[in-house]
Amino acid sequence: MVLQALACVGMDATWMELAIAEAEEAAAHDDVPIGAVVVHDGQVLARGHNRREVDQDPTAHAEILALRDAARALGSWRLDGCVLYVTLEPCTMCAGALVLARLPRLVFGADDPKAGAVGALYDVPRDPRLNHRVEVVRGVEADRCGQLLRDFFAARRRSRPVR
């Protein structure tokens, strides 16, 4: 049992690396660097990164885009057997989507004290009043995921003209 748990932690870090690479893609087109990867049976099923600026779409969060692609790949809106890896604690919209997609497991990196809905402000995926609950693992590669965000916003502040 302990070896299985250690193997799971190691795989979580491996998949989070891919989510971090997706986050870097978002930053490359001036979107907030958040990345997501959906894994099913040990294979990457879908990837996504924030595209709100590129698409001018307030719902183009990394998690939503990855969940949509995963559902298309599976041919089902029910994401049975899938795990979502995301670099930042999901917001209320994304946390609700996890429940609606019947996602069994979520792994995220950095906490989001301002908008997080997986423990920070709310705990949507584990709310006992809902018809589905998601297993949550938090803090995988949290320092790296958080540093991506800190660097992105520091660069934005530096590039703004002083008034």
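**Note on the predicted model**

1. pLDDT, the predictor's confidence in each residue on a scale from 0 to 100, stays under 50 over residues 1-7, and for this stretch the model has 0 contacts (heavy atoms within 4.5 Å) beyond four places in sequence. Where pLDDT is low, the predicted coordinates should not be read in detail. The chain as a whole averages a pLDDT of 93, with 93% of the residues scoring at least 70.

2. Because this is a predicted model, local features need pLDDT of at least 70 and side-chain atom pairs count only at pLDDT 80 or more, while totals for chains, interfaces and linings use all residues. Residues are numbered from 1 along each chain as its sequence is written, and side-chain values use heavy atoms, with hydrogens and water left out.

3. An open sheet of 5 strands has the order 2-1-3-4-5 with mixed pairing; strands are DSSP runs of E with at least two residues, helices are runs of H or I with at least four, both numbered from the N terminus, and two strands pair if DSSP finds at least two bridges between them. Strand 2 (43-49) and strand 5 (135-138) stand at the edges with a single partner strand each, so one side of each is left without a neighbour in the sheet.

4. Strand 1 and strand 2 run antiparallel and are joined by 6 bridges, among them the one that pairs Val-38 with Ala-46 in strand 2. The hairpin of these strands has 2 residues between them, and Asp-41 takes a positive phi near 50° there. At the other edge, strand 4 (residues 105-110) and strand 5 run parallel through 4 bridges, and Arg-105 stands opposite Glu-135 in strand 5.

5. Helix 3 (residues 62-74) has 13 residues and reaches 18 Å from first C-alpha to last, close to the 18 Å expected at 1.5 Å a residue, where the expected span is 1.5 Å times one less than the number of residues. Its buried residues (under 20% relative accessible area with a 1.4 Å probe, protein chains only) include Ile-64, Leu-65 and Leu-67, and the buried residues of helix 3 pack against strand 1 (35-40), strand 2, strand 3 and helix 4 (92-100). Gly-75, with a positive phi near 75°, follows the helix.

6. The largest nonpolar core, a set of buried Ala, Val, Leu, Ile, Met, Phe, Trp, Tyr and Cys residues joined through side-chain atoms within 4.5 Å, has 47 residues, of which Val-38, Leu-79, Leu-84, Leu-103 and Leu-106 touch the most other members. Leu-79 touches residues including Leu-67, Leu-74 and Leu-103, not counting those up to four places away in sequence.

Methods
Buried < 20%, exposed > 50% of the residue type's maximum accessible area, 1.4 Å probe, protein only.
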